[in-house]
Amino acid sequence: MGRSRTPLNERIIIALDVEHPEQAKEVVKKCESHVGFYKVGLQLFMASWFETVDWIVDRGHRVMLDLKFFDIPETVKLAVEQVNNRGVSFATIHGNDPIIRAAVSARGDMKLLAVTVLTSFGEEDMRAMGMTQSVKDLVFFRAKRALELGCDGVVSSGLEAEKMRSELGEKLLIVTPGIRPGANIGDSGDDQKRIVTAGMAIKNGANHVVVGRPITRAKDPIKVIELMQQDIISAS
Ligand code: C5P
């Protein structure tokens with residue numbers, strides 16, 4: 001689906017980073033009038049395996065399964081096969097060549113997104129690991145490679161989205177975590193480092209934004225969603 005045709009209720013993907021499936025179901029029930037796309041990550045998947053995934057899909061919503069596969073090619077291939085044909089819309093893998101090739105060879109009906117560089121990873125972390133490239137260059141390099149090898153898209157911060165969108169074209173799906181309300185830009189107050197607002201991410205070319213704590217820990221999640229959706233409309 002083209003970027004501009006993505007329905008408003010699928011622009012935000014809510015990250016269900018909670019301990020129990022019942023808590024995840026509560027969040028979905030509370031937010032489903034406004035949001036029809038949910039992310040199941042490691043914590044919730046460990047707690048409920050496919051139970052919550054199937055429940056969300058059966059309710060008519062879309063699911064991003066964010067398990068960030070990273071293993072030898074054969075194991076990645078077999079893991080992707082386990083996810084096929086369950087109604088999952090997006091699944092994530094790490095963005096290096098053998099992993100991408102293996103995952104693409106096994107992909108069924110879902111879109112595969114390659115994680116470029118985690119949004120909690122900043123320039124100083126790159127230096128500490130002895131890497132001389134900028135985060136922006138590394139993200140771009142990995143995104144280009146992911147696309148060439150048959151991935152449908154990438155997970156990256158909104159800071160790198162603009163260059164990827166203009167140089168890699170409309171076909172690439174860009175899904176952006178590290179979203180914080182305007183007041184937090186500059187310092188998220190948590191582990192996220194490469195942060196932008198929902199509107200900035202969409203303006204820079206993202207198809208979807210992933211939002212966890214700003215919604216799931218809010219006193220009034222619907223209010224936060226409505227503000228973010230307004231921001232997205234203004235930026236589209
Ligand atoms: O709570 P918050 O909005 O920071 O949640 C962001 C979500 O996106 C988390 O579930 C995290 O695992 C995920 N994510 C990320 N950075 C990536 C890929 C996924 O923050 N590069």
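This tour visits the ligand site of the structure and then the pocket around the ligand. The model is a predicted one.

**The ligand and its shell**

Begin by selecting the ligand together with the 16 residues around it. Asp17, Lys39, Arg180, Gly212 and Arg213 come nearest to the ligand. Colour this shell by residue class: seven of its residues are nonpolar, three are polar and six are charged. Then display the secondary structure, where strand E3 (62–69), strand E8 (208–211) and helix H10 (213–216) can be found, each supplying at least two residues of the shell.

**Three contacts to the ligand**

Next, select Lys39 and show its side chain, which has an N or O atom 2.8 Å from an oxygen atom of the ligand. Move on to Arg180: an N or O atom of its side chain is 2.7 Å from a ligand oxygen atom. At Arg213, display the backbone instead, since a backbone N or O atom of this residue lies 2.7 Å from an oxygen atom of the ligand. With these contacts in view, turn to the surface of the ligand: on its own it has 470 Å² of accessible area, and the protein covers 89% of this.

**The largest pocket**

Now hide the ligand and look at the space it takes, which is the largest pocket. The volume of this pocket is about 600 Å³. Select the 29 residues that line it; Asp17, Lys39, Asp66, Lys68 and Gln192 are the closest to its centre. Strand E2 (37–41), helix H2 (42–48), E3, E8 and H10 are the elements that give two or more residues to this lining.

Which element provides the largest share of the lining of the largest pocket? It is E3, with four residues.

Finally, colour the lining by class to see 12 nonpolar, nine polar and eight charged residues.

Technical notes: Residues are numbered from 1 along each chain as its sequence is written. This is a predicted model: local features need pLDDT of at least 70, side-chain atom pairs count only at pLDDT 80 or more; totals for chains, interfaces and linings use all residues. Side-chain values use heavy atoms; hydrogens and water are left out. A residue is near a molecule or strand if one of its heavy atoms lies within 4 Å of it. A polar contact is a pair of N or O atoms within 3.5 Å; within protein, one must be able to donate a hydrogen and the other to accept it, and residues adjacent in sequence count only if both atoms are side-chain atoms. Accessible areas come from the Shrake-Rupley method with a 1.4 Å probe; for residues, only the protein chains shown count as cover. On a 1 Å grid over the protein atoms alone, a cavity is a set of points where a 1.4 Å probe fits but cannot get out, and a pocket is an open set with protein on both sides within 12 Å along at least five of seven lines; lining residues have an atom within 4 Å of a point. A molecule sits in a cavity or pocket if more than half of its atoms lie within 2 Å of its grid points. Ala, Val, Leu, Ile, Met, Phe, Trp, Tyr, Cys and Pro count as nonpolar, Asp, Glu, Lys and Arg as charged, and the others, Gly among them, as polar. Grid points are joined across faces, edges and corners, and a volume is the space filled by probe spheres set on the points.
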